Amino acid sequence: MGMSRGSEHTAGSLSRPGSTASSPDGSEQRVANRSKANIRVSLACVQCRSKHVKCDATLPACNRCQQEDKPCFYAKSRRGIRDPKKRSLISDKPPVTSRGSFLPASNFSSASPSVQSLHDLPSGWTVSSVSSATTTSSRNEKDLLVDLFYTYFHPSHPCLPPKRFFYNHVEADPDSYHFLLSVVNFCGSLYTDQIPSDDLREAAYSAACASLPFTVQSVQGLLILSIAAFGEMKFEHHAGWANRAVTMAVEIGMNQKTLADRTSDSVLAESHRRTWWYLTFQDSTRNLCDVGPTLSIADVESDVDLPCEEWEYESGIIPQPISQSQYETQVNLGQSEFSSMAYLIEICKIQTDLVIPYQEASEDKKLEIFERADSRICDWLRRVPKWKMNLVDPDGVVDIVLYHGIAIAHVNRLRLRQSAPRSGLNIREYFPLGPAKGPDRKGQMVKGFGWNSHPIDIQAANGYCDLFRHPFPTKSLRAVFATGTLRVALAYLDACVFLGLDSPVFRERINRLVQILTAHGETWPLSRKIAEDIKVVAKEYLTPRISQSWRPGISESEAWVAVTSSILHETPNITTNFGFEPYQQVYQVPGWTANDSWPANITDIYQA
């Protein structure tokens, strides 16, 4: 990510110069429509792939590994094997040759936490139901907290080493991981009612305010704690710890690729790269939300290489990373095969370089920046391979990293079209200002229901909502998830109140977004607060739509009470894992399928 030098004060801690960048059978039509994930069947074991040598893909062990007497295993890939018999022969975990090689046996307890847990699968996760009656007595409390952290927090913030490697490092050097482990335990406690969070929060906060060694582990602890503080609406703590993490990271040289290059452990080196990039993600988000003073990491020169795919990270066999300059060159040459993290980094760079400056630009500069930013986002959405855009492979593995990238792309298209005074988190305060006017209000005629003119705002909001067709635990979404969802709800509210596009479908989508935020709010107070604010705005500004069953003698106020009672007083009847299916389509939007039926509980807020 190209970055410039910082200011004079920040230079004491930030402006350190960076070094220079060194498939079933079917008809032809069906084959053409299948994604790349379904038709690519090449396979190589992790050992051969890491050496970049030809693998005969013999199962369960290839001939090369047999000849060299090495353990042979295959990482589960989105491109994987379609034949279930062959898949059953694949081992996706390295054989444990000694007790100290991976997680100790005590950490592989068959007991599960009393929440929904995820299998440790490469490149994502799948959900399995577990009885809520399970108690902590069957397993160590600290193991439970670490498991909860890796089950729910880590998938959206995969900067720490994979769990089995993390345990190994903690056991080998517990003193270096003392602070980080206290943060992990606190974050894990947020996902269960069995273990109170207050004492763990106090321990983590106290450690973060004390003197810390200048190590990668300290940076990681401060980063994770700042993310949690954001979700808990402790914005002063968030800003302070985020700034301290950035200062410390630059001081120890995390912005330079040489730090990772000098690390002999390839998994730790990858963790160092990911930590730097997640610092940049968090910095960009807080600049957009304006939640406190920032020490912008965008002013720091960096030549850190790009991270690998999630399944490679989980396997522990890390390929040779590509540099930022190599990525840009390959993009210019038309190549589109990159890791999901590389795509996430690019869309966040667009956000930092163009979307944030657009909101601060003078009026005479806005149009130019707007067109550059919007075209870059559209180009990004076009270049992501279709098989990756599917997000879920045939085995149900979710690419949560790319999910966040796509969500950021759609939300940034909305930010460009929503006025700067409405860029904060308090929708109740700025909603009466109305949508932006001027060149950034350009719309696109979309042939559809009622032949209305549906602006790009709605198309971007629909693209965001379309992501919820994929089943995954709501509580695994990022702590800052609510800030983007607020932008989407604002687009639908604007359509109903200001743009003359009031529709029962848009009202129902507002309802669904509130339900998702409420479910997410069981863990993060910020989501709960934003859900409540959207309810208040909906009550105040949305005129009730009287149904055909309306009878004379019923006043408008009584009708409004009837159609809003659910959103204002009732607890949403949803689980923490759900999708948007079925999702009615009232006009043509690419990627949406028409569905005439609705679930019985989807219209519990607004009547048609």
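A disulfide is a covalent bond between the sulfur atoms of two cysteines. Keep that in mind as you open this predicted model, because here the structure holds zero disulfides, counting pairs of cysteine sulfur atoms within 2.5 Å.

**Stop 1: the whole chain**

Start with everything selected and a cartoon view. The protein chain has 608 residues, and 56% of them count as buried. Its secondary structure comes to 26 helices and two strands. Switch on a surface next: the accessible area is about 26100 Å², with 51% of it belonging to carbon and sulfur atoms.

**Stop 2: two cysteines**

Now select Cys159 and Cys187. Are they buried or exposed? Cys159 has a relative accessibility of 1%, so this residue counts as buried, the cut-off being under 20%. Cys187 has a relative accessible area of 0%, and is therefore buried by that cut-off too.

**Stop 3: the largest cavity**

Hide the surface and select Ile408, Val411, Arg478, Thr483 and Gly484. Of the 16 residues lining the largest cavity, these are the closest to its centre. The space inside the cavity is about 200 Å³.

Which helices should you colour here, as suppliers of at least two lining residues each? Pick α14 (266-289), α20 (400-417) and α23 (481-497). Among the contributors to the lining, α20 has the largest share, with seven residues. If you colour the lining by class, you will find eight nonpolar, six polar and two charged residues.

**Stop 4: Ile406 in α20**

Stay on helix α20 and select Ile406, which has its place there. Its relative accessible area is 3%, so Ile406 is buried, being under 20%. Add Leu344 to the selection and draw a distance between the two C-alpha atoms: Ile406 and Leu344 are 62 residues apart along the chain, yet these atoms are separated by 8.1 Å.

**Stop 5: helix α25**

For the last stop, select residues 525-541, which make up helix α25. How far does this helix reach from its first C-alpha to its last? Its 17 residues span 25 Å, close to the 24 Å expected at 1.5 Å a residue.

Then show side chains along α25 and look for the buried positions. In the first part of the list are Leu526, Ser527, Ile530 and Ala531, which are buried. Carry on to Asp533, Ile534, Lys535, Val537 and Ala538, and you will have picked further buried residues of α25. Note that Asp533 and Lys535, both of which count as charged residues, are included in this buried set.

Key:
Residues numbered from 1 in each chain as written. Predicted model: local features only at pLDDT ≥ 70, side-chain atom pairs only at ≥ 80, totals over all residues. Heavy atoms only, no water. Helix = DSSP H or I, 4+ residues; strand = E, 2+ residues; numbered from the N terminus. Expected span 1.5 Å × (residues − 1). Buried < 20%, exposed > 50% of the residue type's maximum accessible area, 1.4 Å probe, protein only. Areas by Shrake-Rupley, 256 points an atom, 1.4 Å probe, with all protein chains shown as cover. 1 Å grid on protein atoms, 1.4 Å probe; cavity = no way out; pocket = protein on both sides within 12 Å on 5 of 7 lines; lining within 4 Å. Points joined across faces, edges and corners; volume = space filled by probe spheres on them.
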